[in-house]
Amino acid sequence: MFTFNFLIRALIASVLSSLSLAIFSPFVSLRRISYLGEAFSHMAFAGIAIALITGLNGRIVTLLFVIVLAYIIGWLSKRYKLEETNTITIFLSVSMAFAIILISLSSAYAFDLSSYLFGNVLLVNQSDLIQVGIMAVLSLAFILIFYHQLFYLSYNAEMAQFLRIPVTFVNHLFLILLAANIVINLKAAGIILVSAQLILPAATIFNLVRHLPTVIVLSAVLAILAAIGGFALSWWLNIPTGASIVMLEFFFFLASLALRKKS
Amino acid sequence: MISISELNHRIGDHAILQDINLDIAEGEFAAIIGPNGAGKSTLIKLILGILPLQEGRIEIDGEPHLSWLKHNPMGYLPQDEKFDRRFPATAKDIVLMGLAAELKPAQRFSTSQKERAREAMERTGCWQQARKPIGALSGGEMQRVLLARAIVGGSKYLFLDEPEASVDQTGVKNFFVLLKELNQQGHTIITISHDLHTLTSFCSFLICLNKTLHCHDKTELINAETIHDFFGETTKIVHKSY
């Protein structure tokens, strides 16, 4: 019974985490900001290290750290007219370096880097599951409520702003939810799977369909199928879950390339 | 009425616009001409609130322009709208963008809004393309779609930044015929253009800009060659009989 419960919990967490990341993926892809998934998840590493040192709540500290850093990046880029992608890459490396120094200084805790890279859905507890569930509901609600604003923000943000569409507000909310999604799903999914779930589902579906609402729904379906499939594979072959899901999604991506109409 | 007074604009030490005083009355078909770097786009971007005003005053219908723009739709067709040709939008989606500010969170476009989009597309002659993906539209078709987006919100002003840039010569003529119709239907039109021949046939008001405002008078009073001599080769002259 215990095994059953913990397996079911891990599977539900995997499905919910895939769903909430995948519905962001079409917008991440259209806005060409897939590097943000990578960047936020690496910055989160420093947040986790700070939480470890201070003994504060890991997720809240990490989320605040990532959001504050995102605003600092935005401000610095604007203030000094820097290329934003460069500033992001600088802060990505610095966050990692900062985290490694902090962890090396805190001798009391042995940090397992591989669990951070690939996550471990089997370690998800009841409270993690509730948080992942809330995140999935928030993500779904956000996409449903602000679909049109996100659509036009992705088409051309400057023109959308000129046409008095509230893109600044929606963009801030988008980035905060993206950061929250990454931080909340990091334990279950790890950096690699989080980054993959933010780009692979939409990249695959866009090869087959160009109607955005359909792309959003199918991206979620594909990510959930990959989560269930990856979960089963990892169980049967005794390989890590996160890595299995990524490989399965990559397989779907290759298949979609083969099926893609030449344009 | 659009009223500009004592406007100056600079980028770093470089003056872009100097001492601009200009009134554009309702119902005009005004054209802004001038060589490259004359500040034409800067001037309309200042009026439209896209660039921050550094010095001077801009009023629309007697109200400071930024506060007017906050609660009124404004028609604008940019020179070179940046978009990904593979972006999953149809022509109609782009026209509806002009009405998206009216949507509350979680709201979808209503039947009457879709009807307004259809009407705008019919007026600009692109309803046939409504369901086409934007990547499948020609330059001229996209211009008409963007024009439909500019008028769909009901703005009485319509700003265009070199609308002829992505259209062939016949397309330009047809496009200006369309603009004239919109003008006759009550839109005040302010367009940047290089094509003096087309302009002299359609415009009621010519704004010659080269950092400073050189003349603004009825088109028929201006000899195209004079303008050509003044502004140089960048202004395109096509001979016509006056």
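**A tour of chain B, with a stop in chain A**

Select H4(B) and H5(B): the two helices cross in a right-handed sense. In this crossing, H4(B) covers residues 111–123 and H5(B) covers residues 139–152. Their axes come within 8 Å and cross at roughly 130°. Angles from 65 to 115 degrees would count as roughly perpendicular, and those over 145 as roughly antiparallel. H4(B) and H5(B) are therefore oblique to each other.

Which residues of H4(B) and H5(B) make the contact? On the H4(B) side, show Arg116(B), Ala117(B), Ala120(B), Met121(B) and Arg123(B). On the H5(B) side, show Ala148(B), Ile151(B) and Val152(B). Now colour this contact by class: six residues are nonpolar, two are charged and none is polar.

Keep in mind throughout that this is a predicted model.

**Step back to the whole of chain B**

Switch to a cartoon of chain B. Its secondary structure comes to eight helices and 10 strands. Chain B has 242 residues, and 49% of them are buried. Now consider contacts in chain B between residues at least 6 apart in sequence: 67% of these join residues at least 24 apart.

**Strand S8(B)**

Next, select residues 188–192 of chain B, which form strand S8. Is S8(B) enclosed or open? Five of its five residues are buried, so S8(B) is largely enclosed by the rest of the structure. In a regular strand, side chains alternate between the two faces of the sheet. Look at each face of S8(B) in turn. One side carries Thr188(B), Ile190(B) and Ile192(B). The other carries Ile189(B) and Thr191(B). Both faces are covered, with these residues all buried.

**The partners of S8(B)**

Add strand S3(B), residues 29–33. S3(B) and S8(B) pair in the parallel sense over four bridges. To find one point of this pairing, pick Ala30(B): its bridge partner in S8(B) is Ile190(B). Ile190(B) is also one of the buried residues just visited.

Now add strand S7(B), residues 157–161. S7(B) also pairs with S8(B) in the parallel sense, over five bridges. Pick Asp161(B), which stands opposite Ile192(B) of S8(B).

**Last stop: chain A**

Move to chain A and select helix H8(A), residues 147–155. How many of the nine residues of H8(A) are buried? Nine of nine are, and the helix is mostly covered. Show the side chains along H8(A). The buried residues are Tyr147(A), His148(A), Gln149(A), Leu150(A), Phe151(A), Tyr152(A), Leu153(A), Ser154(A) and Tyr155(A).

Methods
Residues numbered from 1 in each chain as written. Chains lettered and ligands numbered in written order. Predicted model: local features only at pLDDT ≥ 70, side-chain atom pairs only at ≥ 80, totals over all residues. Heavy atoms only, no water. Axes fitted to C-alpha atoms, helices over the stretch in contact; angles between N-to-C directions. Parallel < 35°, antiparallel > 145°, perpendicular 65-115°, else oblique. Left-handed = near helix turned anticlockwise from the far one by under 90°. Contact = heavy atoms within 4.5 Å. Nonpolar A, V, L, I, M, F, W, Y, C, P; charged D, E, K, R; others polar. Buried < 20%, exposed > 50% of the residue type's maximum accessible area, 1.4 Å probe, protein only. Pairing = 2+ DSSP bridges.
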